[in-house]
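Me: Hey, can you walk me through this protein? I'm new to reading structures, so plain words please.
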Amino acid sequence: MVAEGFTVDLNKPLVFQVGHLGETYEEWVHQPIVTKKGPRFFHSDFWEFLTLTVWWAVPVIWLPVSVWCISMSISRGLSLPEIVPLIALGIFIWTLIEYTLHRFLFHIKTKSYWGNTAHYLLHGCHHKHPMDHLRLVFPPAATAVLCFPFWNLVKLFTTPSVTPALFGGGMLGYVMYDITHYYLHHAHPTRAVTKNLKKYHLSHHFRIQDKGFGITSSLWDIVFGTLPTTKAPKTEQ
Ligand SMILES: [Zn+2]
Ligand SMILES: [Zn+2]
Ligand SMILES: [Zn+2]
């Protein structure tokens, strides 16, 4: 049951605690703690290990898979000029998936024990400890599981030669997204474009958490009207 006034003990494993926050979870999870050292998730070293992902695992694992997919389209008869626009389309579609997942799934409102627990594992942990560098990119095991529904979805709308190239393009988009997300949290960009993207994403974390869902661009925030206001609400009259 929801304990009134339950407080989380940050020195103990968090995953099975956060559910007890009930309706106060939403507020708790959006009060960030900005230490580089992440919290303990589980008592078990085995499960704890599974929650840790180094950022470079994403390109090391998924770039070859993406290239392999694209080459499959070539072996199924597509030429390079046919493949390039499919890859571009895949990347473009990914940006919409990125926005949709982040806005509607990662920011779903929860208050039940298991709802809170699932949300914490999915995205809540990243909002609570945004600088935890080992809980930022998507764990490859989870990505692998998600590949199946996405592959079947692409398959539904495409011919057998087009499917792998489009899927590979989408995967390329995913890799770019996860690397960009890591970069925005942990690098110190000097160019205007990347500087602004960093500012944009940090505003999602520290200023207006229900705005600015795009990571690699603000395109879909513009389209769907979730662009954060330029001034903080408090300073507006
Ligand atoms: Zn978020
Ligand atoms: Zn959130
Ligand atoms: Zn972030």
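Reply: Sure! One term to start with: a donor is an N, O or S atom within 2.8 Å of the metal. Keep in mind as well that this is a predicted model.

Me: OK, so how far apart are the zinc ion (ligand 1) and the zinc ion (ligand 2), and which residue coordinates both?
Reply: They sit 4.5 Å apart, and His107 coordinates both.

Me: Which protein donors does the zinc ion (ligand 1) have?
Reply: The zinc ion (ligand 1) has NE2 atoms from His102, His107, His123, His127 and His204, at 2.1 to 2.2 Å. Along the chain, the spacing of these donors reads H-x4-H-x15-H-x3-H-x76-H. Take His102 and His123: His102 is in helix 4 and His123 is in helix 5 (residues 113–128), so this pair ties together parts 21 residues apart in sequence.

Me: Are those two, His102 and His123, buried or exposed?
Reply: His102 is buried, with a relative accessible area of 3%. His123 is buried too, at 5%. The cut-off for buried is under 20%.

Me: And what are the protein donors of the zinc ion (ligand 2)?
Reply: Those are His30, through NE2, and His107, through ND1, lying 2.2 to 2.4 Å from the zinc ion (ligand 2). His30 is in the loop between helix 1 (25–29) and helix 2 (45–50), while His107 is in the loop between helix 4 and helix 5, so the pair links parts that are 77 residues apart in sequence.

Me: Why does His107 count as buried or exposed, whichever it is?
Reply: His107 counts as buried because its relative accessibility is 11%. His30 is buried as well, with a relative accessible area of 15%.

Me: Switching topic. How many helices and strands are there in the protein?
Reply: There are nine helices and zero strands. Reading from the N terminus, the elements go α-α-α-α-α-α-α-α-α.

Me: Which residues does UniProt list for "transmembrane region"?
Reply: The UniProt entry, which is unreviewed, gives residues 46–63, 83–101, 136–154 and 166–184.

Me: What do residues 46–63 look like in the model?
Reply: That stretch is 67% helix and 0% strand, with its end C-alpha atoms 27 Å apart. Residues 166–184 are 100% helix and 0% strand, and their end C-alpha atoms are 27 Å apart.

Me: Now the surface. Which residues make the nonpolar patch?
Reply: Leu89, Phe92, Ile93, Leu96, Leu219, Val223 and Phe224 make a nonpolar surface patch of about 570 Å².

Me: Which helix gives the most to the nonpolar patch?
Reply: Helix 4 does, with four residues. Helix 4 (80–105) and helix 9 (219–223) each supply at least two.

Me: Where is Phe92 found, and why does Phe92 count as buried or partly exposed?
Reply: Phe92 is in helix 4. Phe92 counts as partly exposed because its relative accessibility is 43%. Partly exposed is the range between under 20%, which is buried, and over 50%, which is exposed.

Me: Last one, overall shape. What radius of gyration does the protein have?
Reply: The protein has 19 Å, and a compact globule with 237 residues would have a value near 18 Å, so the two agree. Its C-alpha atoms fill a box of roughly 65 × 50 × 30 Å along the principal axes.

Me: And what share of the 237 residues is buried?
Reply: Buried residues make up 45% of them.

Technical notes:
Residues numbered from 1 in each chain as written. Chains lettered and ligands numbered in written order. Predicted model: local features only at pLDDT ≥ 70, side-chain atom pairs only at ≥ 80, totals over all residues. Heavy atoms only, no water. Patch = residues over 30% accessible without salt bridge, like charges linked within 9 Å, V, L, I, M, F, W, Y side chains within 5 Å. Areas by Shrake-Rupley, 256 points an atom, 1.4 Å probe, with all protein chains shown as cover. Salt bridge = Lys/Arg side-chain N within 4 Å of Asp/Glu carboxyl O. Buried < 20%, exposed > 50% of the residue type's maximum accessible area, 1.4 Å probe, protein only. Donors = N, O, S within 2.8 Å, 3.2 Å for Na, K, Ca; no water. UniProt positions renumbered as here; feature names shortened; annotations may be inferred. Rg over C-alpha atoms; globule rule 2.2 N^0.38 Å.
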